[in-house]
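Subject: Structure for you to look at

Hello,

Here is the structure I promised to hand over. Please open it and keep it in view while you read the rest.

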Amino acid sequence: MVAKKIKEILDILPDQVKLCAVSKYHPVEMIQQAYDAGQRIFGESHVQELQQKQPILPNDIEWHFIGHLQTNKVKYIAPYISLIHAVDSSRLLKEINKQAIRYNRKINCLLQLHVAEEDTKFGFSPEECLEFLRSGEYKEMSGINISGIMCMATNTDDENRIRTDFRTANNFFEQCKKEFPELTNSMQWRSWGMSDDYKIAIEEGSNIVRIGSYIFGNRTY
Ligand SMILES: *Cc1c(COP(=O)(O)O)cnc(C)c1O
């Protein structure tokens, strides 16, 4: 079942688009099934859960942290995390930098852009994000790479609204590359699109989609 879904998605993803299989709340047996089908990138959004899964699953899994990350928990995942999708404050980025240096690593980070209509979601507004980049703070951080932009669309059935959100993120990504040429090399990921909207996301420039329930079924919390 899981293997079939993975293959189905990989078949339709354009070559340049990566699949992050979102395995939160699903057991390691299902992750192993996806792994056996060739999937290597998995996304989790709770530190404690990831901490339990990571040691018992294959070593060459690329773990992505996709949820809201608390500053005091960065230290637990810093030794192995390969991409943190939802960095939404300079304080969090500083902590990631500190822990990465401690473990002699460079951790790839995406800045989470708030584009959705709801104001409950985390993330930088475009203005805040630009302000942060203009401050140049990140240039002093040798333990991190600013690797791109992540966003979540408004939680709605209105496809036009979803498309507009993704387009805003995509335009922002382009603007950053223009305004901050020193980031051109490191900025490569446009992380948007989940089970219900990944097709629109790809049309609107996404090159890493985060798909959970479509692959693994509904989550039981
Ligand atoms: C849970 C989650 C997903 C996956 O959502 P599905 O609708 O199950 O595909 C993607 N991104 C983030 C940030 C999530 O928390």
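Below is what was found in it, going from the whole chain down to single residues.

**Overall picture**

Please keep in mind that this is a predicted model. The protein chain has nine helices and eight strands. Its C-alpha atoms fill a box of roughly 50 × 45 × 30 Å along the principal axes. How does its radius of gyration sit with that of a compact globule? For 221 residues, such a globule would have a value near 17 Å, and the protein chain has 17 Å, so the two agree.

Buried residues account for 52% of the 221. The exposed surface comes to about 10800 Å², with 45% of it supplied by carbon and sulfur atoms. Now take the contacts between residues at least 6 apart in sequence. Of these, 60% join residues at least 24 apart.

**The strands S4 to S7**

Start with strand S4, residues 83-87. It runs parallel to S5, and three bridges join the two. One pair to find is Ile84 with its bridge partner in S5, Cys109. S4, helix H5 (residues 90-102) and S5 together make a right-handed β-α-β unit.

Next comes S5 itself, residues 107-113. Is S5 largely enclosed or open? Six of its seven residues are buried, so S5 is largely enclosed by the rest of the structure. On to S6, which is parallel to S5 and joined to it by seven bridges. Two pairs show this well. Ile107 stands opposite Ile144 in S6, and Cys109 stands opposite Ile146 in S6. So Cys109 is a good residue to click on: it has a partner in S4, Ile84, and another in S6, Ile146.

S6 covers residues 144-151 and is mostly covered, with seven of its eight residues buried. S6 also pairs with S7, again in the parallel sense, over three bridges. There, Ile149 has Arg190 as its bridge partner in S7. A second right-handed β-α-β unit is made by S6, H7 and S7.

**Nonpolar cores**

In soluble globular proteins, nonpolar side chains tend to be buried together. Which residues have the most contacts inside the largest nonpolar core here? They are Phe42, Trp63, Leu93, Ile96, Leu111 and Ile215, in a core of 64 residues. Helix H7 (residues 159-179) gives this core its largest share, six residues. Apart from this core lies another one, of 10 residues, including Ile66, Leu83, Leu110 and Ile208.

Ile215 is worth a look. Leaving out residues up to four places away in sequence, Ile215 touches Val2, Lys5, Ile6, Ile9, Leu19 and Ala21.

**Arg190 and Asn170**

Arg190 lies in strand S7, residues 189-191. Is Arg190 buried or exposed? Its relative accessibility is 16%, so Arg190 counts as buried; the cut-off for buried is under 20%. Setting aside neighbours within four places in sequence, Arg190 is in contact with Ile149, Asn170, Phe173, Glu174, Gly205, Ser206, Asn207 and Ile208. Ile149 is also its bridge partner.

Now turn to Asn170, which sits in helix H7. Asn170 is buried too, with a relative accessible area of 15%. With the neighbours within four places again set aside, Asn170 is in contact with Arg190, Trp192, Glu204 and Gly205. Gly205 is on the contact list of Arg190 and on that of Asn170.

**Two residues with positive phi**

Most residues other than glycine have a negative phi. Where do Tyr25 and Asn104 lie? Tyr25 is in the loop between strand S1 (18-22) and helix H2 (28-36). Its phi is near 65°, a positive value in a residue other than glycine. Tyr25 is partly exposed, at 31% relative accessible area.

Asn104 lies in the loop between H5 and S5. That loop belongs to the path of the unit made by S4, H5 and S5. Asn104 is not a glycine either, and its phi is positive, about 60°. Asn104 is exposed, with a relative accessible area of 73%.

Best wishes

Definitions and conventions. Residues are numbered from 1 along each chain as its sequence is written. This is a predicted model: local features need pLDDT of at least 70, side-chain atom pairs count only at pLDDT 80 or more; totals for chains, interfaces and linings use all residues. Side-chain values use heavy atoms; hydrogens and water are left out. A nonpolar core is a set of buried Ala, Val, Leu, Ile, Met, Phe, Trp, Tyr and Cys residues joined through side-chain atoms within 4.5 Å. Buried means under 20% relative accessible area, exposed over 50%, partly exposed in between (1.4 Å probe, protein chains only). Helices (H or I, at least four residues) and strands (E, at least two) are DSSP runs, numbered from the N terminus. Contact means heavy atoms within 4.5 Å. Two strands pair if DSSP finds at least two bridges between them. A crossover is right-handed if, with the strands pointing away from the viewer, the path from the first strand over the helix to the second runs clockwise. The radius of gyration is taken over C-alpha atoms; the globule rule is 2.2 Å times the number of residues to the power 0.38. Accessible areas come from the Shrake-Rupley method with a 1.4 Å probe; for residues, only the protein chains shown count as cover.
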